[in-house]
Amino acid sequence: MAGAIYTPKRKNMYIYGRNPVKEAYRAGKTIDKLFLQKGEFDPMLSQVHKLAKEARTVTSYVDKNMLDKLANGGNHQGVVAAVTDFEYCDVDDIINLAKSKDEPLLIVLLDGITDPHNLGAIIRSAECFGAHGIVIPKHRSVGVNDTVVKVACGATEHMLIAKVTNINDVIRDLKEQNVWVYATDFDGKAPKDANLNGNLAIVIGSEGEGIHRLTKELCDDTLTIPQFGNVNSLNASVAAGIVLYEAIRQRR
């Protein structure tokens, strides 16, 4: 990767934390400038510094207060990297990835997730459980920002994410391509009782409203995770992880 020149006029996103920055390098992402904390040293930071030297990244050694500002108070662990904004893909790129691997499609559609911690956790689960990609709406939804990258622990560098104008149009297009679409909501079948093999899309609703009525009506069926406690709903990222695990368990 060619050496990058840091130009403050460019639109940058700051990612922070040792593992997210290390994964960004390993994935070949262009890092415009690396900020390391003065006097901080351990084996993980040494690995990051080595990757920065190999990539010929401009590196600055700054005090902790500077890193705190760049990371907006987040737990930067002594390292912050300035990168160009996250590059989204097209839905067709996700479909083509599954085809190139000769695998049945496994795609996650997010219907209005607004909490960056939830989005980061969903991306991490999707990457761990072998999903080919994630689709998020352009409006009334959080995008991939520095907090999402941090929570995902580097998974954003290995996951295709598409940003679309209308999730319902994506559902219609997928169904025309023989993709079975499941909503995760109440009054459905348990994931273990559903057939999660074949080309599959899983729709996860927002934290407060859940899945929109029309979106649910467009889906082929509904999955409901059995619950036995006093709280009647799961966090969106937890629900996504459970369903994705069951899907990959059935496939393998």
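How many salt bridges does the count come to? In this predicted model, the count comes to nine salt bridges. Three of the pairs are taken up further down, after a look at the sheet, the helices that lie across it and one buried valine.

The sheet makes a handy starting point. Six strands line up in the order β7-β6-β5-β9-β8-β10, and the result is an open sheet with parallel pairing. Because β7 (160-164) and β10 stand at the edges with a single partner strand each, one side of each of them has no neighbour in the sheet. Neighbouring strands here are turned against each other by 35 degrees on average, with direction ignored. In general, the strands of a sheet pair through backbone hydrogen bonds, in either a parallel or an antiparallel way. For β10, the partner is β8 (residues 180-189), and the two pair in the parallel sense over four bridges. Within this pairing, Ala 183 stands opposite Thr 222 in β10.

Helices come next. Helix α4 (residues 91-100) lies across β5 (106-111), β6 (133-137) and β7, and the helix runs at about 150 degrees to β7. Helix α7 (residues 167-176) also lies across β5, β6 and β7, along with β8 and β9 (200-205). The angle between helix α7 and β5 is about 155 degrees.

Towards the start of the chain, helix α1 (residues 18-26) holds Val 21. Is Val 21 buried or exposed? Its relative accessibility is 0%, so Val 21 counts as buried. Leaving aside residues up to four places away in sequence, Val 21 touches Ile 15, Tyr 16, Ile 31, Leu 34, Val 48, Val 79 and Ala 81. As for Val 83, this residue sits 62 residues from Val 21 along the chain, and the two C-alpha atoms are separated by 9.9 Å.

Back to the charged pairs. Side chains of opposite charge can pair when their charged atoms come close. Helix α1 supplies one case: the side chains of Glu 23 and Arg 26 meet in a salt bridge, at 3.8 Å from N to O. Both residues lie in helix α1 and are three residues apart, about one turn of the helix. Glu 23 counts as buried because its relative accessibility is 15%, whereas Arg 26 is exposed, with a relative accessible area of 53%.

Helix α3 (residues 64-70) holds another such pair, Lys 64 and Asp 68, set four residues apart, or about one turn of the helix. Their side chains meet in a salt bridge at 3.1 Å, N to O. Lys 64 counts as partly exposed at 44% relative accessibility, and Asp 68 counts as partly exposed at 24%.

In helix α8 (residues 213-218), Arg 213 and Glu 217 are four residues apart, so about one helical turn separates them. These two form a salt bridge whose closest N and O atoms are 3.0 Å apart. With a relative accessibility of 61%, Arg 213 counts as exposed.

Finally, the surface has a nonpolar patch formed by Leu 234, Val 238 and Ile 242, with about 210 Å² of accessible area together. Leu 234 has its place in the loop between β10 (221-223) and α9 (236-251). At 37% relative accessibility, Leu 234 counts as partly exposed.

Terms used:
Residues numbered from 1 in each chain as written. Predicted model: local features only at pLDDT ≥ 70, side-chain atom pairs only at ≥ 80, totals over all residues. Heavy atoms only, no water. Patch = residues over 30% accessible without salt bridge, like charges linked within 9 Å, V, L, I, M, F, W, Y side chains within 5 Å. Areas by Shrake-Rupley, 256 points an atom, 1.4 Å probe, with all protein chains shown as cover. Salt bridge = Lys/Arg side-chain N within 4 Å of Asp/Glu carboxyl O. Buried < 20%, exposed > 50% of the residue type's maximum accessible area, 1.4 Å probe, protein only. Contact = heavy atoms within 4.5 Å. Pairing = 2+ DSSP bridges. Axes fitted to C-alpha atoms, helices over the stretch in contact; angles between N-to-C directions.
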